[in-house]
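User: I should like a close look at one part of this predicted model, with an account of how neighbouring elements are placed against one another. Please explain it in connected steps that a first-year student can follow.

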Amino acid sequence: MMILEEISSLMWLFCALIPCLLTDGVAVLPAPQNLSVQSTNMKHLLMWSPVIVPGEVIHYSVEYQGEYESLYLSHIWIPSSWCSSTKDPECDITDDITATVPYNLRVRAILGSQTSAWSTPKHPFNRNSTILTPPGMEVIKDGFHLVINLEDLGPQFEFLVVYWRREPGAKEHVKTVRSGGIPVHLETMESGAVYCVKAQTFVKVIGRQSAFSQAECVKVQGETLPLALALFAFVGFMLILVVVPLSIWKTGQLLRYSCCPGVVLPNTLKITNSPQKLTSCRKEEMEVCTMSMLSSEELFRSGSSRRKEGPS
Amino acid sequence: MKAQRVSLWLLGAILLLCSVHARGLRRCLISMDMHQIEETFQEIKRAIQAKDTFQNVTILSTSEFLHSIKPLDVCCVTKSLLEFYVDRVFKDHQEVNPQILRKISSIANSFLYMQKALQQCQEQRLCHCGQEATNATRIIHDNYNQLEVRSAAIKSLGELDLFLAWIGKNHQGTSTA
């Protein structure tokens, strides 16, 4: 009995060692574990835990089959577009999942001529399970124009934009935007009002939409400020209209006085050519003085007329 | 007078029912992105049609044949032709080129999705198969059977653009469900 037990345990040990013997003492390449698909906004990423072999670089191979292949051609597996041989423990399978049906996926590790067994996720992946997030949105106030720019999520995404005036009883407006990345004009705003916008995505091929984004509100400046500015500008303009000519005229006068003064000596201060006649006038010679004064007047008049004629 | 009124009411009711019925057909396949499938086929069209050696024969018949299908028969003919491709054509064609295989797989899986969508329409009794629709389907199967299976499959694949254009024309989605 004891001998039989010993023989059977030896046999088990031998059988366990056969794979090692066949592979020349090298361990079997383990298959990748913990496969999962993370899908957000129709971008699908297959991920797994990396296979670690000290000192070696492991490559991975990914294959898929759609529901059609699994039903009608179960032996057909298609190599992934981007991951027939990849070093990273993840694969972007977006270009492979092209129909809204369940897809089977499988991954194996490759080291030289060695390949591991195929590993599959727990459940098939259908792209209608993708997580749809509210779209990024930029609200632009271009003068009185309400303009938005939605993030570009690809050709499969449409957007539903809802906007309204923030006042009691205001109606919500709805606009469908076919693609993101391009500014879209929503409305011409009235001054003094507050306008709010929110948006959601809609993916036609899976018939689902995201939640709405947080509402963003913008306010248009009121009319009072521009009026005050206009009044101020008008008053300033009028002031300029008055002040500028006045200052020009004053400056002109200043210049004239400084360089070419038109000062005329009064008659009483004019000195004639015979100053002694004036000084020697006494009482007895009053008649002579008056005569000489008259003649000096005549002299002055003739002199001034000569001056007026100027140099001929 | 009364008889006239009654007949007018009846006529109105019939017209209303017909319009509802016609609208119901158009509600099928609203979530299909035909443009995407057509684009996928365009990428392999030349390679597929180059392999077709029987240029003088057609399986989907002429394009006039498809366009002569009446609106009431559209749903039934669509369903039948989808079955034709899914059950026969894609299986009979064995593609070795991985690039072409990828595109055919995409189209085949999209057809499977369309079949499921049409199934819902059928359950709502919007997809009745009349005599003309049944005859049209039979003609196509007969054409296919006349050729050797591989040649027939490659020819039918090459005629996918006709079928896709016809579906797009008849099942335009104008509103979301």
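**Strand pairing, residue by residue**

Analyst: A single pair of residues makes a good starting point: Lys141(A) has Leu146(A), a residue of strand β9(A), as its bridge partner. The model in which this pair is found is a predicted one. The pair belongs to a wider pattern, for six bridges link β8(A) with β9(A), the strand of residues 145-150 in chain A, and the two strands run antiparallel.

These two strands belong to an open sheet of three strands in chain A, where the order is β8-β9-β12 and the pairing is antiparallel. At its edges lie β8, covering residues 137-142, and β12, covering residues 184-188 of chain A, and each of them pairs on one side only. On average, neighbouring strands of this sheet are turned by 25 degrees against each other, if direction is ignored.

A second part of chain A can be read in a similar way. From the UniProt record, an unreviewed entry, comes the annotation "domain: Fibronectin type-III" for residues 31-136 of chain A. In the model, this span is 6% helix and 35% strand, and its end C-alpha atoms lie 40 Å apart.

Chain A also has an open sheet of three strands in the order β1-β2-β5, again with antiparallel pairing. Its edge strands are β1 (33-40) and β5 (90-92) of chain A, each of which pairs on one side only. Neighbouring strands here are turned by 15 degrees against each other on average, direction ignored. Three bridges connect β5(A) with strand β2 of chain A, residues 43-49, in the antiparallel sense. One residue pair shows this connection: Met47(A) has Glu90(A) of β5(A) as its bridge partner.

Helices can be placed against one another too. Two packed helices are described by the angle between their axes and the distance between the axes. In chain B, helix α4 (residues 71-92) packs against helix α6 (residues 131-146) at an angle of about 20 degrees, and the axes are 9 Å apart. Angles under 35 degrees count as roughly parallel, and α4(B) and α6(B) are therefore roughly parallel to each other. Their crossing is right-handed. Residues making the contact include Val77(B), Leu81(B) and Phe84(B) from α4(B), and Ala133(B), Ile140(B) and Tyr144(B) from α6(B). By character, the residues of this contact comprise eight nonpolar, four polar and four charged ones.

Conventions
Residues are numbered from 1 along each chain as its sequence is written. Chains are lettered from A and ligands numbered from 1 in the order in which they are written. This is a predicted model: local features need pLDDT of at least 70, side-chain atom pairs count only at pLDDT 80 or more; totals for chains, interfaces and linings use all residues. Side-chain values use heavy atoms; hydrogens and water are left out. Two strands pair if DSSP finds at least two bridges between them. Helices (H or I, at least four residues) and strands (E, at least two) are DSSP runs, numbered from the N terminus. Axes are lines fitted to C-alpha atoms, for helices over the stretch in contact, and angles run from 0 to 180 degrees between N-to-C directions. Angles under 35 degrees count as roughly parallel, over 145 as roughly antiparallel, 65 to 115 as roughly perpendicular and the rest as oblique. A crossing is left-handed if the near helix is turned anticlockwise from the far one by less than a right angle, and right-handed if clockwise. Contact means heavy atoms within 4.5 Å. Ala, Val, Leu, Ile, Met, Phe, Trp, Tyr, Cys and Pro count as nonpolar, Asp, Glu, Lys and Arg as charged, and the others, Gly among them, as polar. UniProt positions are given in the numbering used here, feature names are shortened, and annotations may be inferred rather than shown by experiment.
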